[in-house]
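Please look over the structure shown here and walk a newcomer through its metal site and its hollow spaces.

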Amino acid sequence: MTSTRWLAEYAWLAGDDEPTPDVLIETVRDRITGVTPLAPDGGPDAGVDVLADAVRLPGVTLPGLANAHSHAFHRALRGRTHVGRGDFWSWRDQMYAVAARLDPDSYLALARAVYAEMTLAGITCVGEFHYLHHGPGGRPYADPNAMGAALVEAAAQAGIRLTLLDACYLTASVDGQPLAGPQQRFGDGDALRWAQRLDAFNPDGGHARVGAAIHSVRAVPAGQLATVAEWARNRAAPLHVHLSEQPAENDACRAVHGRTPTRLLADHGVLGRATTAVHATHPTSGDLGLLGGSRTGVCLCPTTERDLADGIGPARRLADAGIPLSLGSDSHAVIDLFEEARAVELDERLRTRRRGHFTPVELLTAASSAGHTALGWTDAGRIAVGDRADLVTVRLDSVRTAGVAPAGVWFAAGTVDVTQVVVDGQVLVRDGRHARVDVSQELATAVAEVTTR
Ligand SMILES: [Zn+2]
C-alpha cells in the first residue's frame, strides 16, 4: 500500500500565513499528490464514505522540519559542561575530549541515537557539519571516509534524510598555526587532498547527499578557500561555513588579512546562493551587504549561541538584507526547532525591548523550507503537490498547547507535542515513539561509551 489519504485537523500549507482547518492530503510513495482543503460543511467530496479510509491527524500538521546545522557528537556534552565559568573556548576543550574517543563504530551508535532524537522532534532532514575525519594522530582509516560513512548509515537507520557537509579543516588559527592534539583528526593536509578524499565518497541510498564545508576562516588558509568553493560549485552541492560566531575570529582575521571574515570569503568566491554561513552573530554592516547581495543564507543556532555565550545574532537585520534564514541545533544543548524558532523572535525582543519582529510563517519557513533548501533538498519542507511526503503533526491538546491558536505552536509547543512524523511517505514516529529506535536507552549507552563519568 503506497497510497495514503491523511485528514489533517489543521495543516500549514505552502504559501499560507496560518494553518488551514480540515485538509485532505494525499500521498503516493514518497510524494504529496493532493492537497484539498475541505469546505466548512464537509465539501462536496467530504462525505463519510469518501473519508472513511483517511488517516486522522488531530492537531496541526506542519511540513518536515530541517535541522541545517548539526555536529552529532556534541550531543554527548549535553548537561555536562554547564557548571562553572568559561566561554566558547573552554567548552571547545571539553568537546575535543569527546572527539578524541570516537571511532566509526561508536560514532555510528551515537549518531543513530541523536538522529532518532531529531526525528522525534519533527526533523526530517539534517545537515551534518562533519570534520572528525581521521583516526588518532590524524592517521586515515582504511576507508578514509569511514567516519562519514558511519554518519550516512546512522541517518539511514534513524530514518532521517542527511546532507553530509564534509568540512575542510587544515589549520588551528587564522595565522596558519598547524593542527595539534585532537585537531589532527580533522585535517587532510591541504584542500586538494580534502577534495580527492571527498571525490571517492559516494554514499548509497536516496536518503543522503554530500555537500562541502569550510570549517571557518580559522581552519582554511585564504589561498585554499577557492578550491573548496570550486569543488562545491562543480557539483552543484551546498557549501556551509562557520562565520563570525566569536568576536575573536573577526579580530584575528582583520589582523592577518586586513578584512572581515565575510569579506575574505567574498574575495575568494565562497559566497552565493548555494552557500550558508552558520551563526553570523557578529557581522558588520558591510558584511550584511555582502551576504545579502550574494543571496548567501545564514543558519542561526540560537540555543547553542546562548549556551556558549556567543551573543545575539542580528536576525532581523539579516532578513532585511535579503538573507534567507535557516535554523540549526548545532551543539545539541537542546534539539527542538520550536525553541530555536521562537528564540529568533524572543532574542530580538530582549535586544530591542519591542515585540513583533518575525511573523509565525517566517519562523515556519526558517524551520522547514529554507533549511531544506540550504541543504540542497529543494523539493521538501512544504505541504504542496509534488513535494516530498513529510508530515509533522503537533498535538493541540497537551498541557502546553491546549487552547493555543494553531499558528501559535511556535510559541507554545515543544518536541514532546510532536505525535506523528512521516518521512518520505513512511510513518517513522507514531504516538511520540520512534518506530525502530529506543531513543533514550540508546542515547544513554552511546554517551556513556564516549564520556568519562
Ligand atoms: Zn557548528
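The questions and answers below take up the metal site, then the cavities, then the pockets.

Q: What kind of model is this, and how are its residues numbered?
A: This is a predicted model, in which local features need pLDDT of at least 70 and side-chain atom pairs count only at pLDDT 80 or more, while totals for chains, interfaces and linings use all residues. Side-chain values use heavy atoms, with hydrogens and water left out, and residues are numbered from 1 along each chain as its sequence is written.

Q: Which residues are the protein donors of the zinc ion?
A: Donors are N, O and S atoms within 2.8 Å of the metal (3.2 Å for Na, K and Ca), and since water is not among the atoms, sites may look incomplete. The donors here lie 2.1 to 2.7 Å from the zinc ion, and they belong to His69 (NE2), His71 (NE2), His242 (NE2) and Asp330 (OD).

Q: Is the site of the zinc ion tetrahedral, square planar or irregular?
A: Four donors count as tetrahedral if all angles lie between 85 and 135 degrees; four count as square planar and six as octahedral if opposite donors are over 155 degrees apart and all others between 65 and 115; anything else is irregular. The angles among the four donor atoms run from 85 to 173 degrees, and the site is irregular.

Q: How many residues apart in sequence are the parts that His69 and His242 tie together?
A: The donor residues of the zinc ion follow the spacing H-x1-H-x170-H-x87-D. His69 lies in strand S5 (residues 65-70) and His242 in strand S9 (residues 239-243), strands being DSSP runs of E with at least two residues and helices runs of H or I with at least four, numbered from the N terminus. The pair therefore ties together parts whose separation in sequence is 173 residues.

Q: Are His69 and His242 buried or exposed?
A: Buried means under 20% relative accessible area, exposed over 50%, and partly exposed in between (1.4 Å probe, protein chains only). By that rule both His69 and His242 are buried.

Q: Which helix gives the most to the lining of the largest cavity?
A: On a 1 Å grid over the protein atoms alone, a cavity is a set of points where a 1.4 Å probe fits but cannot get out, a pocket is an open set with protein on both sides within 12 Å along at least five of seven lines, and lining residues have an atom within 4 Å of a point. The largest cavity holds about 170 Å³ of space, a volume being the space filled by probe spheres set on grid points joined across faces, edges and corners. Its lining has 19 residues, with Phe88, Trp91, Met95, His215 and the zinc donor His242 nearest the centre. Five lining residues come from the helix that gives the most, H2 (residues 88-99).

Q: Which helix gives the most to the lining of the second largest cavity?
A: The second largest cavity has a volume of about 80 Å³, and residues including Leu300, Pro302 and Glu305 line it. Helix H10 (302-307) and helix H12 (337-352) each supply at least two lining residues, but the most, four residues, come from H12.

Q: What is the volume of the largest pocket?
A: The largest pocket is lined by 19 residues, among them Arg273, Ala274 and Thr276. The largest share of its lining, three residues, comes from H14. The space in this pocket is about 340 Å³.
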